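Here is my note on the model you sent. Please read it with the structure open.

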Amino acid sequence: MHQTHSQREFAIEFQPQIHILRPSIHSRRANIVVKFQDLYGFTVEGNVDDVNILNEVREKVRQQGRVWWALEASKGANWYLQPQVSSLTEGIALKSSLKLSNLTNAITLKRLIRKGIPPVLRPKVWFSLSGAAKKKSTVPESYYSDLTKAVEGKVTAATKQIDHDLPRTFPGHPWLDTPEGHAALRRVLVGYSFRDSDVGYCQGLNYVAALLLLVMKTEEDAFWMLAVLLENVLVSDCYTTNLSGCHVEQRVFQDLLVKKCPRIATHLEELEFDVSLVATEWFLCLFSKSLPSETTLRVWDVLFYEGAKVLFHVALAIFKMREEELLQTHHVGDVINILQKTTHHLFDPDELLTVAFDKIGSMTTNTISKERKKQEPAVMAELDQRLRRLNSIKMDDEK
Amino acid sequence: MATTANKNINAKLVLLGDVGAGKSSLVLRFVKGQFVEFQESTIGAAFFSQTLAVNDATVKFEIWDTAGQERYHSLAPMYYRGAAAAIIVYDISNQASFERAKKWVQELQAQGNPNMVMALAGNKADLLDARKVAAEEAQVYAQENGLFFMETSAKTATNVNDIFYEIAKRLSQVQPAPNPSGMVIMDRPTERTASAACCS
Ligand SMILES: Nc1nc2c(ncn2[C@@H]2O[C@H](COP(=O)(O)OP(=O)(O)OP(=O)(O)O)[C@@H](O)[C@H]2O)c(=O)[nH]1
Ligand SMILES: [Mg+2]
């Protein structure tokens, strides 16, 4: 029901050139910072090289689109929607009943998705491949509109926090930061806070939901994408009371860094730099606050198809890309500056994803699950210990 | 000798406080001299650095601006571990944020580095009409707990540089001179397993 048509105007992928907002003769020089709008309407600051990269990315997106259209023409419009396809991607259990054509489709699809889903196809492809469509199909047609109607006017801790955060979510965005944008984001977040009261509202979800709203055709689809993300794609308890799932992911990430980038890991350890200082935000916002929008969405393309392990690939890649520079650092601050500069300027998604998948090498969902299991008890014990210590402070205080 | 040598101090500073108290705004004002009406909410924490010269010392702050939402508190130890200074921020127009600030003080007293320089900032001091927390009350509380107190406004810039300057001054006094490269390191867990932990 709540159609959000106007947001589509910001997916300006077919606009030929990026307009520099304040063009001047000086801005031709690469070291001069200019402001411009990216594919999804975000204002970004960068130099002329960045603008050129974005224009190239735009061209690549167009080419990618042609590849997808050609495949639709030869294999049929919904060739990628066959249910077996996604279960294959891990290379697990090749069901003998599976047809060879499905297998080739699966391989094609995995490769294709890593190269990027064209923005116009994203709503459709994400919705089916992530499992959101299936999730939605298990409840009555009117679920979302009933939910939003039922919770209208209710005030909870979550709704208060959401209201506080609406104008603080990508402020200045031409659609998100309008009354219409705020209202849509509010309905999605409030609706979800009632769907799962353990999660309620966790800061960070505002950015994730906002980006989903920009991509998906309707607000309702954005809601289902949020649901499938929290309930199926990501590890559970990432966003609940003490973020325990997020703590687990951080420890797994630290271990993976030791395995995949041992030199960096050793150096950072010497600096007493804990990678979760920076990676926590990456994992909770799924990179939406750190990477340029099209790069974030390219990560999400793969995330929705291959699962949460993708976050590790990408996080490791960010470190890996700057290996030599990072090894030269002497201060925690320098490490952070390098990482921030890197993420903010990653306008070319292929640069990141090539490292993430080719250089980092394969990691199966299975090994990561095992790793999580290993870390869980320690995280729980620690969180518990902290809670008890804080409670004992309170008791002393009352005496 | 201790007073004549020019000291270079690297100091980790952490900002703690309730959601929306204005932690990020204070840092933005201090580091960039800016204020925005709608500041993005902080997730996890954000990092900034800024250098101040006081008397005979140069203090390089490594600032961790943390997230205020309750469930993020389990991340806080990672950010205040080894910190030389803390600014605990509340919003003078919000009583609950003052109560939250007191809890942070308790936690730092129990868990933080014992020599930590702690400041209490009553922010949004420009919102006089909406005031809910009396300056006297906060002043008394700060005195009783060994913090120094200032009312600040990230919006008008009142007392923002001053609070960081005062911290720098105190750090340069407590800091022993012969530590030229020195991070102000205290309370660092010796075991690596402990420091890799997400919470303590
Ligand atoms: N009037 C007034 N408003 C302020 C002041 N400082 C911050 N604000 C406003 O208060 C809101 C919250 O400020 P932030 O700096 O984001 O607060 P925070 O403590 O960092 O919040 P979290 O990151 O969510 O924990 C923003 O909309 C600011 O514009 C101030 O001194 N005066
Ligand atoms: Mg903040």
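1. First, a term. A cavity is a set of grid points where a 1.4 Å probe fits but cannot get out. Its volume is the space filled by probe spheres set on those points. Keep in mind that this is a predicted model.

2. The structure holds two cavities of 30 Å³ or more. The largest has a volume of about 40 Å³. The second largest has about 30 Å³.

3. Look at chain B for the largest cavity. Its lining is B:Gly44, B:Thr66, B:Ala67, B:Tyr72, B:His73, B:Leu75, B:Ala76, B:Tyr79 and B:Trp104. By class, six of these residues are nonpolar and three are polar. No charged residue takes part.

4. Now turn to chain A. The second largest cavity is lined by A:Asp38, A:Leu54, A:Pro292, A:Ser293, A:Glu294, A:Thr295 and A:Phe347. Helix α14 (residues 293–306) of chain A gives the largest share of this lining, three residues. Here the classes are three nonpolar, two polar and two charged.

5. Next, the metal. Which protein atoms are donors of the magnesium ion (ligand 2)? They are OG of B:Ser24 and OG1 of B:Thr42, lying 2.0 to 2.1 Å from the ion. B:Ser24 lies in helix α1 (residues 23–32) of chain B, and B:Thr42 in the loop between α1 and β2 (45–54), so the pair ties together parts that are 18 residues apart in sequence.

6. Are these two donors buried or exposed? The cut-off for buried is under 20% relative accessible area. B:Ser24 has 11%, so B:Ser24 counts as buried. B:Thr42 is buried too, at 12%.

Technical notes
Residues are numbered from 1 along each chain as its sequence is written. Chains are lettered from A and ligands numbered from 1 in the order in which they are written. This is a predicted model: local features need pLDDT of at least 70, side-chain atom pairs count only at pLDDT 80 or more; totals for chains, interfaces and linings use all residues. Side-chain values use heavy atoms; hydrogens and water are left out. On a 1 Å grid over the protein atoms alone, a cavity is a set of points where a 1.4 Å probe fits but cannot get out, and a pocket is an open set with protein on both sides within 12 Å along at least five of seven lines; lining residues have an atom within 4 Å of a point. Ala, Val, Leu, Ile, Met, Phe, Trp, Tyr, Cys and Pro count as nonpolar, Asp, Glu, Lys and Arg as charged, and the others, Gly among them, as polar. Helices (H or I, at least four residues) and strands (E, at least two) are DSSP runs, numbered from the N terminus. Donors are N, O and S atoms within 2.8 Å of the metal (3.2 Å for Na, K and Ca); water is not among the atoms, so sites may look incomplete. Buried means under 20% relative accessible area, exposed over 50%, partly exposed in between (1.4 Å probe, protein chains only).
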